[in-house]
There are 2 protein chains.
Amino acid sequence: MLRTFMTFIWAAGLSAALASVPMFEASAQDSDTVTAQKLRDAALTDRFGYRFVETLTTTIGQRLAGTEAMTRASLLAESTLLAAGFDNVHRESFPITAWMRGREEAEVTAPSSQRLVVATLGGSVATPPGGVETEIVVFARYSQLLAAAPGSLDGKIAVVTEAMPRVMDGSSYGAAISIRRSGPSEAAKRGAIAYLHRSLGTDDHRLAHVGATNYLEGVKRIPAAALSVPDAQQLARMAALGKVRIRLVLTPTSDEHAQSWTVSGEVRGSERPDEIVLIGAHLDSWDLGTGAIDDGAGVAIVLGAANLIAQLKPHAKRTLRVVLFGAEEMNYSGPAYAKMHADDIPHIVLAGEADFGARRVYTFLAPAGAMNTPFLQTLADTLNPLGIFLTRQPATNSGDDIAPLHDAGVPVIALRQNGIDYFDIHHTADDTFDKIDPQELAQATAAWVAAVYLALQSELDFRKAAKDFKN
Amino acid sequence: MLRTFMTFIWAAGLSAALASVPMFEASAQDSDTVTAQKLRDAALTDRFGYRFVETLTTTIGQRLAGTEAMTRASLLAESTLLAAGFDNVHRESFPITAWMRGREEAEVTAPSSQRLVVATLGGSVATPPGGVETEIVVFARYSQLLAAAPGSLDGKIAVVTEAMPRVMDGSSYGAAISIRRSGPSEAAKRGAIAYLHRSLGTDDHRLAHVGATNYLEGVKRIPAAALSVPDAQQLARMAALGKVRIRLVLTPTSDEHAQSWTVSGEVRGSERPDEIVLIGAHLDSWDLGTGAIDDGAGVAIVLGAANLIAQLKPHAKRTLRVVLFGAEEMNYSGPAYAKMHADDIPHIVLAGEADFGARRVYTFLAPAGAMNTPFLQTLADTLNPLGIFLTRQPATNSGDDIAPLHDAGVPVIALRQNGIDYFDIHHTADDTFDKIDPQELAQATAAWVAAVYLALQSELDFRKAAKDFKN
């Protein structure tokens, strides 16, 4: 069965992409600047990453951490890295609690019967098998729920209908995320028996946006789900007219003894192999779509960039490590990686993660302390023709999987992609391959390959620069 | 329970809208042109229709013909017409075969398991209770299915992935509709055991577009469903790589002894009451959304226009009849109305239906033979400030419910609305109230009220003009 599956995958054209001749002609006499430009321009027409995400989403589809699909995705990634000639390719498992969606049914039962579209939040407990059926209390703002008195929601379902505004950089998601992460426990503290919130999404479709929730210790765990945006609006209109009752059935399950996979490979440095530039993305996805923009696209970008760098002869000076994380969505993979690679961390001189969709990069944030360096000036000049500018503030984060490395002292770089419609699709069934524009993906890959190559070649001690910057 | 429900409905603000003072000051001394302008301008700020569709979609939701919800919708419409002072208000039932969606599950089972989003076609038969599971044959064009040899699909599921292009006027839907209406029987003729087609939609969301299908007499009836657009694209990619198997479970049911309702009211003519201008829309909807743009918006437009005309003192010369049809989606209500009102038909001098969404009117098509008449010149002048132009071809249809009247000799008028994104939403779960822009709806209502008023006042014999035009 696995052999059949792998044949199917290779028929997807990935083998052809791998066998293709290099898209650029590099010379040992080229300056770093010229090589960076050649890599950048090659990435604009290369389709290695795009073909990979097509294969990944077409032949595997969803890759929820803990599923057999995620295991197959890790095998596909491993075989792709091996076939592309990466060094030190390996696949390592780490323990997770796997959460699996069950039935999810929600309907208004009074004053009239109406079906609601919901998605159980990741990590949510189940309702009783027959569900719960009770009156709702609607809060137009999350702050109003926080202001509600203890006991005021006894036996009710709390519903938060606050909207998340559309912005380019994802900052509104950060501002709203406690509605999903903390809302269930805050509602439970006040007596609620279940929790619903308007999806953290900017679209107007009858598709709910899933995402992880986190229960507070010592607070009763209540079942929780996201409503599609039109359903949240409908409940707000109905509740304005009188009492509304909802029946909710959620039957997710958890397995505390599951595992997921990290897949990594390297392009060994020709001069300073013990200095590692680590770039990552996450291979796991939510279960409703096929994880194309979150984060198949990020995987495509870092694989596409790394594959071009792997073709350089001689190799770049420092070692490039590409890491495909395996459980970002429930935030297991970053901490697991940092723990399992504690000995490596001192060798990682710079890190970055691509996890914000498939659109073009519009700005980049330099590692702290790198602002007035030849590295940064060359990078800014190389990215300028792509329509990318340098933000004046240094990067302070670059994705959830990288955060534990950053906390342990690894400097980070951030390449920000246009996310103006990212939260239309994010964590919904709509996250499918057709949403990826190959030209925009290529532009993002071009930005990454230039940034990574120049970091690999740079004499700059990013760690020292960051330390000096802090002091 | 019904009383509670009606209280809930009235709380929706409909009573306030009905009690509001007229939005315009008409005078018996005004010329028809001036009155038409006043009605038009009043409609631009009036919200009677918008409030009605808000109430309809919020308090009732979906209104599939044959459901209890459709009965409640007919009661709401009847009470609204009575409260607004219409004459001759009544609600009449007619027999239909009610079709009800059941379970619908579709998944790729090989080479890898993937869930598919489908919607059972209206009128489809069920699969066996355990479903069917077999290989698919994908046709990129419907014409390729028609060219396939008898027996070539024996035991297979036929899948048509042809796309419907985005246009403004809905013509691509007419061109594509046989994919849905005739596809199942054409596939069955060639041996297929089930049929799937790419939704007749222009969006890229994981929501399927339902719609009625029609089995050919003497051909085996096979279960049929529409795939969401991204799912159809995914199947095309998968099938290009090798054999694909699908499991399909559809459990719709039919009740051949059901009924639905027509609701109508009149504004009796002050001079020629036996000459009727009939305007309609359909109150029933598909079951996946709440029927806001199809056709709550049309109901809002004709009710909004009729309500303004009902306020004129004295009444307009001819009688206005507003008819809310009750089973358009499976095409029962038009034929039923024409049959039950055969005696009326000679008195209907002109008819029109609003059934193309909630966006602005951009053009209108005159009744045949009316091209060079004072009626049309005044109408063109009145609509011009709304950005509406006169198309040179006369109207030959004005909605499925009106078609049988037109076939029986009733001239029609057509006001075309911008449908550029109508088929993003049409027949999906996304058809909800939030999709209606009140300003655009008001513009469409303004166009209708002017056209209808001028037709009510006109000396023109539309039937004679149409007959003369034909000869």
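# Questions on a predicted two-chain model

Biologist: With 17 C-beta neighbours inside 10 Å, what does B:Asn331 count as?

Modeller: The model is predicted. A residue is buried at 20 or more neighbours and exposed at 12 or fewer. B:Asn331 has 17 inside 10 Å, so it counts as partly exposed.

Biologist: What is phi of B:Asn331?

Modeller: B:Asn331 is in the loop between β12 (318-325) and α10 (333-340) of chain B. Most residues other than glycine have a negative phi. B:Asn331 is not glycine, yet its phi is positive, near 60°.

Biologist: A:His427 also has a positive phi. Is A:His427 buried or exposed?

Modeller: A:His427 is not a glycine, and its phi is about 65°. It lies in the loop between α13 (422-425) and α14 (438-457) of chain A. The threshold for burial is 20 neighbours. A:His427 has 29 C-beta neighbours inside 10 Å, so it counts as buried.

Biologist: Which residue does a cis peptide bond join to A:Ala110?

Modeller: Most peptide bonds are trans. Here omega is about 10°, and the bond is cis. The partner sits in the loop between β2 (104-110) and β3 (114-116) of chain A. The residue joined to A:Ala110 is A:Pro111.

Biologist: Where is B:Asp295 found?

Modeller: The peptide bond from B:Asp294 to B:Asp295 is cis, with omega near 5°. B:Asp295 is found in a helix of chain B, residues 292-310, namely α9.

Biologist: How many helices and strands are there in chain A?

Modeller: Chain A has 471 residues, and buried residues make up 58% of them. Its C-alpha trace spans about 75 × 55 × 40 Å along the principal axes. The counts are 15 helices and 16 strands.

Biologist: Why is chain A as compact as a globular protein of its length?

Modeller: The globule rule gives 23 Å for 471 residues. The radius of gyration of chain A is close to that, so chain A is as compact as a globular protein of that length; its value is 23 Å.

Biologist: What share of the contacts in chain A between residues at least 6 apart in sequence joins residues at least 24 apart?

Modeller: The set is limited to pairs at least 6 apart in sequence. Within that set, the share joining residues at least 24 apart is 83%.

Biologist: Which residues have the most contacts inside the largest nonpolar core?

Modeller: Nonpolar side chains tend to be buried together in soluble globular proteins. The largest such core here has 316 residues. One of its residues, A:Ile309, touches A:Val267, A:Ala316, A:Leu320, A:Val449, A:Val452 and A:Tyr453, leaving out residues up to four places away in sequence. Those with the most contacts are A:Ile309, A:Val452, B:Ile309 and B:Val452.

Biologist: In β6(A), what is the bridge partner of A:Val138?

Modeller: Strand β5 (residues 132-139) of chain A runs parallel to β6(A), joined by four bridges. On β6 (157-160), A:Ile157 and A:Val159 are buried on one side, and A:Ala158 and A:Val160 are buried on the other. The partner of A:Val138 is A:Val159.

Biologist: And in β7(A), what is the bridge partner of A:Val160?

Modeller: Four bridges join β6(A) to strand β7 (residues 194-198), also of chain A. These two strands run parallel. Opposite A:Val160 is A:His197.

Biologist: Which residue stands opposite B:Ala414 of β16(B)?

Modeller: Strand β14 (residues 361-365) of chain B is joined to β16(B) by four bridges and runs antiparallel to it. B:Ala414 and B:Arg416 point one way, B:Leu415 and B:Gln417 the other, and all are buried. The residue opposite B:Ala414 is B:Leu365.

Biologist: What distance separates the centres of domain 1 and domain 2 of chain A?

Modeller: The domain assignment gives domain 1 as 2-15 + 27-91 + 261-470 and domain 2 as 103-254. Taken over C-alpha atoms, their centres are separated by 35 Å.

Biologist: Which element gives the most to the side of domain 1 of chain A that touches domain 2 of chain A?

Modeller: The contact takes 18 residues from domain 1 and 19 from domain 2. The element that gives the most to the domain 1 side contributes three residues; it is α13(A).

Biologist: Which element gives the largest share of the side of chain B that touches chain A?

Modeller: Each chain gives 29 residues to the contact. Elements of chain B giving two or more are α1 (2-19), α3 (48-60) and α8 (229-241). The largest share is six residues, from α8(B).

Terms used:
Residues are numbered from 1 along each chain as its sequence is written. Chains are lettered from A and ligands numbered from 1 in the order in which they are written. This is a predicted model: local features need pLDDT of at least 70, side-chain atom pairs count only at pLDDT 80 or more; totals for chains, interfaces and linings use all residues. A nonpolar core is a set of buried Ala, Val, Leu, Ile, Met, Phe, Trp, Tyr and Cys residues joined through C-beta atoms within 7 Å. Two residues are in contact if their C-beta atoms, placed from the backbone, lie within 7 Å. The radius of gyration is taken over C-alpha atoms; the globule rule is 2.2 Å times the number of residues to the power 0.38. Two strands pair if DSSP finds at least two bridges between them. Domain bounds come from an automatic or database domain assignment.
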